[in-house]
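Hi,

Here is the structure I promised to send over. Have a look at it first, and then read on for my notes.

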Amino acid sequence: MSTAAKLTLASTAIGAVAIVIFVHRQQKIDQATMHQGVIRDVEQQRIKRERQLDFEMQRQLEEEYRKVQRVSGDGRTGK
């Protein structure tokens, strides 16, 4: 085998290995990024549920207070 052929074979093999390593690392980075997105979505859903529960509790308290106390108007007129 000639020197040029050996150099071509070696550079092709090194290039192929470099491409495989690059693609593998890029996939790992993409996977980690996607996983962080899932974690962020789960956290946002948890916060939304907590806020909804707080809202429901406030609404129930308002209903109880309205039963006990007299409320004149709806509080929008400012009088």
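To start with V23: what is the place of V23 in the secondary structure? V23 sits in helix α1, which covers residues 3-68. Please keep in mind that this is a predicted model.

The overall picture is quickly told. The secondary structure amounts to one helix and zero strands, and the chain has 79 residues, of which 1% count as buried. The exposed surface of the chain comes to about 7,900 Å², with carbon and sulfur atoms supplying 59% of that area.

Back to V23, then. Together with I19 and F22, V23 makes a nonpolar surface patch of about 310 Å². Is V23 buried, exposed or partly exposed? V23 has a relative accessible area of 38%, so it counts as partly exposed: the buried class ends at 20% and the exposed class begins over 50%.

Now for the charged side chains. How many salt bridges does the structure hold? There are four, and I went through three pairs in some detail.

Pair one is E50 with R46. Their side chains meet in a salt bridge at 2.4 Å, N to O. Both residues belong to helix α1 and are four residues apart, about one turn of the helix. E50 is partly exposed because its relative accessible area is 38%; R46 is also partly exposed, with a value of 31%.

Pair two is E56 with R59, where the closest N and O atoms of the salt bridge are 2.5 Å apart. Here the spacing along helix α1 is three residues, again about one turn of the helix. As for accessibility, E56 comes out at 27% relative accessible area and is therefore partly exposed, while R59 is partly exposed at 36%.

Pair three is E62 with R66. The closest N and O atoms of this salt bridge lie 2.9 Å apart, and both residues are in helix α1, four residues apart, about one turn of the helix. What about their exposure? E62 has 38% relative accessibility, so it counts as partly exposed, and R66 counts as partly exposed at 45%.

One more thing on the charged residues: which residues are joined into one network by salt bridges that share partners? They are E43, R46 and E50, so the E50 and R46 pair described above belongs to that network.

If you want two places to open first in your viewer, I'd go for the patch made by I19, F22 and V23 and the network of E43, R46 and E50.

Cheers

Definitions and conventions: Residues are numbered from 1 along each chain as its sequence is written. This is a predicted model: local features need pLDDT of at least 70, side-chain atom pairs count only at pLDDT 80 or more; totals for chains, interfaces and linings use all residues. Side-chain values use heavy atoms; hydrogens and water are left out. Patches are made of residues with over 30% relative accessible area and no salt bridge: like charges are joined within 9 Å, nonpolar side chains (Val, Leu, Ile, Met, Phe, Trp, Tyr) within 5 Å. Accessible areas come from the Shrake-Rupley method with a 1.4 Å probe; for residues, only the protein chains shown count as cover. Helices (H or I, at least four residues) and strands (E, at least two) are DSSP runs, numbered from the N terminus. Buried means under 20% relative accessible area, exposed over 50%, partly exposed in between (1.4 Å probe, protein chains only).
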